[in-house]
Amino acid sequence: GDHRDLHSFPTRRSSDLALTGGAGSDAKNQAPPQPEGQPKAGGTVEPLLEMMTALPQGDPARQAELFQSAKDAASVSPTTTNRLRYALALAVPGHSGSDPVAAQRQLAELLARPETLLPDERLLAMEELQDVDQRLVLQAENKRLRDEDSQNSRDKLQALNKRLAAESDENARLRRALDEAR
């Protein structure tokens, strides 16, 4: 499927604050605090989706900046979220850093330990891995067809060259016969 379908994931809205202990609610009705360093559920994929949308749409300098930022974050602080962000940046087509083979490998590694991903991150990673797998299959088929077409073109060109050489030889023979007849 298309990763744009993921925009329908439920996310926190200001209208949800009253339900989760936002302004004006009693302390006893508040949601339990998130562990330190853990992003809130629902908000984790929004920045990832924004990056995936912005990456192919930016000018080359902006694309390079976004991609390098994801790459650096995964290198300097290889948290699961940063590694997922970089894998997704690799997976997004339409920019110079796109590398579906590396994206496939990294997404598969992340999904090999699904307990390290939040539910929304896991869904996004699974969906993007399917997309990358499909894209790689299509690229391989496209290459096969181009190679086949190229081979057919070479075969046709070779046959035409042989025919041209044979006709040239026949013309030369006929000229000699005409010259001898004179």
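**Six helices, question by question**

Student: Of the 182 residues of the protein chain, what share counts as buried?
Tutor: Keep in mind that this is a predicted model. A residue needs under 20% relative accessible area to be called buried. Going through the 182 residues of the protein chain on that basis, the buried share comes to 27%.

Student: And how much of the accessible surface of the protein chain belongs to carbon and sulfur atoms?
Tutor: Start from the total, which is about 12,200 Å² for the protein chain. The part of that surface belonging to carbon and sulfur atoms is 53%.

Student: What pattern does the protein chain follow along the sequence?
Tutor: Count the elements first: there are six helices and zero strands. Reading along the sequence then gives α-α-α-α-α-α.

Student: Which stretch has a pLDDT below 50?
Tutor: The protein chain averages a pLDDT of 79, and 77% of the residues score at least 70. One stretch has a pLDDT below 50, though the model still gives it 39 contacts beyond near neighbours in sequence. Where pLDDT is low, the predicted coordinates should not be read in detail. The stretch to handle that way is residues 1-41.

Student: What share of the contacts with a separation of 6 or more comes from residues 24 or more positions apart?
Tutor: Take the contacts in the protein chain whose partners have a separation of 6 or more. Among those, the share from residues 24 or more positions apart is 55%.

Student: How far does helix 4 reach from its first C-alpha to its last?
Tutor: Helix 4 covers residues 80-91, so it has 12 residues, and the expected span is 1.5 Å times one less than that number. The expectation works out at 16 Å, and the model comes close to it. From first C-alpha to last, helix 4 reaches 16 Å.

Student: Which helices are included in what covers the buried residues of helix 4?
Tutor: The buried residues of helix 4 include Asn82, Leu84, Tyr86 and Leu90. Their cover includes helix 2 (45-57), helix 3 (60-76), helix 5 (100-111) and helix 6 (119-181).

Student: How is the aromatic pair of Phe67 and Tyr86 classed?
Tutor: The structure holds one aromatic pair. The ring centres of Phe67 and Tyr86 are 5.7 Å apart, with the planes at 50°. An angle under 30 degrees would count as stacked and one over 60 as edge-to-face. At 50°, therefore, the pair of Phe67 and Tyr86 is tilted.

Student: How many residues apart in sequence are the parts that this pair ties together?
Tutor: Both partners are buried, Phe67 at 12% relative accessible area and Tyr86 at 15%. Phe67 belongs to helix 3 and Tyr86 to helix 4, so the pair ties together parts separated in sequence by 19 residues.

Student: Are Asp131 and Arg135 buried or exposed?
Tutor: These two form a salt bridge, with the closest N and O atoms 2.9 Å apart. They are four residues apart in helix 6, which means about one helical turn separates them. As for accessibility, both Asp131 and Arg135 are buried.

Student: What is the relative accessibility of Arg144, the salt-bridge partner of Glu148?
Tutor: The closest N and O atoms of Glu148 and Arg144 are 2.9 Å apart, and the two sit four residues apart in helix 6. Glu148 is partly exposed, with a relative accessible area of 39%. Arg144 also counts as partly exposed, and its relative accessibility is 39%.

Student: Which residues do salt bridges with shared partners join into one network?
Tutor: A search of the whole structure finds eight salt bridges. Asp131 and Arg135 form one of them. Salt bridges that share partners make one network out of Glu128, Asp131 and Arg135.

Student: Which residue forms a salt bridge with Glu65?
Tutor: The partner lies three residues away in helix 3, about one turn of the helix. It is partly exposed, with a relative accessible area of 35%. The closest N and O atoms are 2.9 Å apart, and the partner of Glu65 is Arg62.

Student: How far apart are the C-alpha atoms of Thr44 and Asp120?
Tutor: Thr44 sits in the loop between helix 1 (17-20) and helix 2, and counts as buried at 7% relative accessibility. Asp120 is 76 residues away along the chain, yet the two C-alpha atoms are separated by 7.2 Å.

Note on methods: Residues are numbered from 1 along each chain as its sequence is written. This is a predicted model: local features need pLDDT of at least 70, side-chain atom pairs count only at pLDDT 80 or more; totals for chains, interfaces and linings use all residues. Side-chain values use heavy atoms; hydrogens and water are left out. Buried means under 20% relative accessible area, exposed over 50%, partly exposed in between (1.4 Å probe, protein chains only). Contact means heavy atoms within 4.5 Å. Accessible areas come from the Shrake-Rupley method with a 1.4 Å probe; for residues, only the protein chains shown count as cover. pLDDT is the predictor's confidence in each residue, from 0 to 100. A salt bridge is a side-chain nitrogen of Lys or Arg within 4 Å of a carboxyl oxygen of Asp or Glu. Rings of Phe, Tyr and Trp (its six-membered ring) pair if their centres lie within 6.5 Å; planes under 30 degrees apart count as stacked, over 60 as edge-to-face and the rest as tilted.
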